[in-house]
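Please look through the sequence and the model below before reading on, and keep both at hand while you follow the report.

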Amino acid sequence: MRYGIIAGNGRFPLLALESARRLGHDVTVIAIQEEAAREVESLAPRCHWISLGQLSKLIEILKDDGITEVAMCGQVKHASIFSSIRPDWRLVKLLASLPSKNTDGLIGGVIKVLEDEGIHLRDSTALLKPLLATEGAMTRRKPDKDEMTDVEYGRRVADALSGFDVGQSVAICERACVALEAMEGTDAMLRRAAGLVNGRRLTLVKSARRREHLLFDVPVVGADTIPVMRETGTTALAVEAGRTLMLDKEQMLDAANAADIAIVGT
């Protein structure tokens with residue numbers, strides 16, 4: 001198969017490219033300079049680097065390589081839109097047309113521009129289906145009764161939050177919402193929450209968007225999540241089964257087991 005991968009930050013694009021290489025797929029990588037790791041260059045036959053604001057250059061590269069399908073793999077920090085990155089004329093035009101600059105608005109606008117150019121988006125998890133969360137407890141320890149009560153409450157809050165397209169995660173303590181995730185990311189949210197609960201334990205609940213597809217902005221957790229949970233006294237993590245990627249899944253679950261952290265897919 002021949003397609004493109006737009007590489008953001010984290011392990012997601014690296015694992016996707018490793019899978020594509022094992023399958024013998026012909027992949028062109030378009031790596032975001034402000035986000036992607038240099039390792040992506042060694043995992044595909046062709047790699048192009050572009051700045052986050054270069055929408056026209058992205059389209060030019062895909063057309064020059066004859067690419068009509070592309071997957072978005074890896075995070076691009078939402079806060080980057082408010083940084084000093086200079087958008088090209090095409091992105092300026094897109095931004096001016098958006099009713100809001102949230103994730104769905106921004107990426108949805110980019111997708112429409114690509115579709116108008118004959119370039120279609122692929123399921124971003126297609127190469128990593130075995131790493132999607134499964135239903136039920138995935139760690140040796142199941143959430144206890146109090147943690148499950150917090151999970152159930154947190155899911156209601158996170159589902160409502162996802163309708164506003166603000167963030168994916170909430171921190172819950174004793175059936176109270178301590179913190180909501182926005183542009184700062186999950187780790188910063190947990191540290192902020194830990195400073196508010198005076199040593200009481202937290203439960204982290206991560207929700208997928210209210211959309212049917214997995215084309216972009218898929219919830220992701222990984223082994224790096226566990227040290228932050230330990231640091232902040234977060235003893236349980238709930239994710240959506242079949243809709244959350246668990247990068248380096250075995251290592252993550254091993255680390256959670258060693259830390260006596262419960263992880264459950266709902």
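The report that follows takes up the sheet, the nonpolar core, the cysteines and the aromatic rings in turn.

## The sheet

This is a predicted model, and a good place to begin is with its strands. Strands of a sheet pair through backbone hydrogen bonds, either parallel or antiparallel. Here five strands form an open sheet in which the order is β3-β2-β1-β4-β5 and the pairing is parallel. At the edges are β3, covering residues 46–50, and β5, covering residues 120–121, each of which pairs on one side only.

The pairing of β1 with β4 can be followed in more detail, since these strands are joined in the parallel sense over four bridges. Along this part of the sheet, Gly4 stands opposite Val70, a residue of β4.

## The nonpolar core

Which residues of the largest nonpolar core touch the most other members? They are Ile5, Leu17, Val29, Val40, Leu128 and Leu245, out of the 26 residues that make up this core. At least two core residues are supplied by each of β1 (2–7), α1 (12–22), β2 (26–32), β4 (69–73) and β12 (245–247), while the largest share, six residues, comes from the helix α1.

Leu128 deserves a closer look, as one of the core residues named above. When residues up to four places away in sequence are not counted, Leu128 touches Phe12, Leu15, Ala16, Ser19 and Leu245.

## The cysteines

How many disulfides does the model contain? The count comes to zero, and two cysteines can be used to examine this result. A disulfide requires two cysteine sulfur atoms within 2.5 Å, but the sulfur of Cys73 is 13 Å from the closest cysteine sulfur, which belongs to Cys47, and this is too far for a bond. Cys173 is likewise in no disulfide, with the nearest cysteine sulfur, that of Cys177, lying 11 Å away.

Are these two residues buried or exposed? Cys73 counts as buried because its relative accessibility is 1%, and Cys173 also counts as buried, with a relative accessibility of 5%.

## The aromatic rings

No aromatic pairs are found in the model, the count being zero, yet some rings do have a charged side chain placed over them. One of these is the ring of Trp49, where Arg38 lies over the face at 4.0 Å from the ring centre. Another is the ring of Tyr3, over which the charged end of Arg122 sits, 4.1 Å from the centre.

How values were computed. Residues are numbered from 1 along each chain as its sequence is written. This is a predicted model: local features need pLDDT of at least 70, side-chain atom pairs count only at pLDDT 80 or more; totals for chains, interfaces and linings use all residues. Side-chain values use heavy atoms; hydrogens and water are left out. A nonpolar core is a set of buried Ala, Val, Leu, Ile, Met, Phe, Trp, Tyr and Cys residues joined through side-chain atoms within 4.5 Å. Buried means under 20% relative accessible area, exposed over 50%, partly exposed in between (1.4 Å probe, protein chains only). Contact means heavy atoms within 4.5 Å. Rings of Phe, Tyr and Trp (its six-membered ring) pair if their centres lie within 6.5 Å; planes under 30 degrees apart count as stacked, over 60 as edge-to-face and the rest as tilted. A charge sits over a ring if NZ of Lys or CZ of Arg is within 6 Å of the ring centre and within 35 degrees of the ring normal. Two strands pair if DSSP finds at least two bridges between them.
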